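Here are my notes from a read through your model, set out as numbered points. I hope they help as you look around it on screen.

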Amino acid sequence: MWFLCPPGVYRPQGDTCLLEDALQRELLVAADVLDLGTGSGALALAAAEGGAAQVTAVDASVSAVCTTWFNARINGLRVRVLRGDLTGPVAGHRFDLIMANPPYVPSPRADLPARGRARAWDAGSDGRALLDRVCADAPPLLNPGGVLLLVHSGLCGVERTLGRLRRAGLRTVVTERRYIPFGPVLRGRSAWLEARGLIAPGEEKEELVVIRAERQLDPAMKDRACR
């Protein structure tokens, strides 16, 4: 695909590729798909190209929204692009698949940046400012049998994410794990991360995980499916 990613918009990286690998194993034909925090639109376009019936991409950044719209247009793919805060623009709608690659990098700053490049990765002192919101807000938007695919760093607490999604009524499993070298942001924060006990002394690789969380079918729907 032809693809544009201007400065200030999150460029597809290892976490994007990991989530796309997981996406390709899902049945997308006739699916209604939501991409939260779409950035450049790479995953939304992959879903549209994979046969999804409808793809909605949401981002709070004007630049990201414009980039995703343009990338979909030049590739001849149908993607509905909305600007807003996570699930806000799609409240009341239900989806067969939701995917999210939210900011998840722990930051010395407790508050979230309001603008600038760091907005795409900084996520508070524990890296969970956006993750916890996705865990709370995405499950109610899933159709029965619907799936949430969520990627984030092991630095943020994988078990914590699994626990939150299970308490929301979803069946969860880690489907992907990959270790990648620290990028510039984490290298620049190594001393702080080590002081916080988030990495071991001299550690230079980050674990990325993809969590698959599925909403169970209602008992009545299961009965009908078995007949």
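1. T38 sits in the loop that runs between β1 and α2. This is a predicted model, so please read each point below in that light. With a relative accessible area of 7%, T38 is buried, because buried means under 20%. Leaving aside residues up to four places away in sequence, T38 touches A44, A57, V58, D59 and T68. D59 will come up again in the next point, as one of the residues closest to the centre of the largest pocket.

2. Now to the open spaces. The largest pocket has a volume of about 690 Å³. It is lined by 38 residues, and the closest to its centre are D59, A60, P103, R119 and A120. Four elements each supply at least two residues of this lining: β1 (32-36), α2 (42-49), β2 (54-59) and α3 (62-74). The one that gives the most is α3, with 3 residues. By class, the lining of the largest pocket divides into 18 nonpolar, 12 polar and 8 charged residues.

3. The second largest pocket holds about 580 Å³ of space. Of the 25 residues that line it, Y10, Q13, W121, P184 and V185 are the closest to its centre. At least two lining residues come from each of α1 (14-23), β6 (170-181), α6 (184-188) and β7 (205-215). Here α6 gives the most, with 3 residues. The lining of the second largest pocket has 16 nonpolar, 5 polar and 4 charged residues.

4. Next, the charged pairs. Side chains of opposite charge can pair when their charged atoms come close. Searching the whole structure gives 13 salt bridges. One of them joins the side chains of E176 and R25, at 2.0 Å from N to O. This pair links distant parts of the chain, with E176 in strand β6 and R25 in the loop between α1 and β1, 151 residues apart. Are the two partners buried or exposed? E176 counts as buried, at 12% relative accessibility, whereas R25 is exposed, with a relative accessible area of 53%.

5. The loop between α1 and β1 deserves another look, since Q24 is placed there too. Q24 is exposed, with a relative accessible area of 57%, which is over the 50% cut-off for that word. In sequence Q24 and A46 are 22 residues apart, while their C-alpha atoms are 8.4 Å apart in space.

6. D132 is a good residue to click on if you like charge networks. It forms a salt bridge with R128, in which the closest N and O atoms are 2.8 Å apart. D132 also forms a salt bridge with R164, where the closest N and O atoms are 3.1 Å apart. The pair of D132 and R164 links distant parts of the chain: D132 lies in helix α4 (residues 131-137) and R164 in helix α5 (residues 158-167), 32 residues apart. Through shared partners, salt bridges join D126, R128, D132, R160 and R164 into one network.

7. How buried or exposed are D132, R128 and R164? D132 counts as buried, at 16% relative accessibility. R128 counts as buried as well, at 1%. R164, at 30%, counts as partly exposed, because that value falls between the cut-offs of 20% and 50%.

8. Staying with α5, its buried residues are V158, T161, L162, G163 and L165. What covers these residues includes α4, β5 (142-153), β6 and β7. Just after α5, G169 takes a positive phi of about 95°, so you may like to find that residue when you follow the backbone out of the helix.

9. Last, the interior. In soluble globular proteins, nonpolar side chains tend to be buried together. In this model, the largest nonpolar core has 59 residues, and V33, V79, I98 and M99 are those with the most contacts inside it. Which residues does I98 touch, not counting residues up to four places away in sequence? They are L34, L36, A138, L141, L142, V147, L148 and L149.

Definitions and conventions. Residues are numbered from 1 along each chain as its sequence is written. This is a predicted model: local features need pLDDT of at least 70, side-chain atom pairs count only at pLDDT 80 or more; totals for chains, interfaces and linings use all residues. Side-chain values use heavy atoms; hydrogens and water are left out. On a 1 Å grid over the protein atoms alone, a cavity is a set of points where a 1.4 Å probe fits but cannot get out, and a pocket is an open set with protein on both sides within 12 Å along at least five of seven lines; lining residues have an atom within 4 Å of a point. Grid points are joined across faces, edges and corners, and a volume is the space filled by probe spheres set on the points. Ala, Val, Leu, Ile, Met, Phe, Trp, Tyr, Cys and Pro count as nonpolar, Asp, Glu, Lys and Arg as charged, and the others, Gly among them, as polar. A salt bridge is a side-chain nitrogen of Lys or Arg within 4 Å of a carboxyl oxygen of Asp or Glu. Buried means under 20% relative accessible area, exposed over 50%, partly exposed in between (1.4 Å probe, protein chains only). A nonpolar core is a set of buried Ala, Val, Leu, Ile, Met, Phe, Trp, Tyr and Cys residues joined through side-chain atoms within 4.5 Å. Contact means heavy atoms within 4.5 Å.
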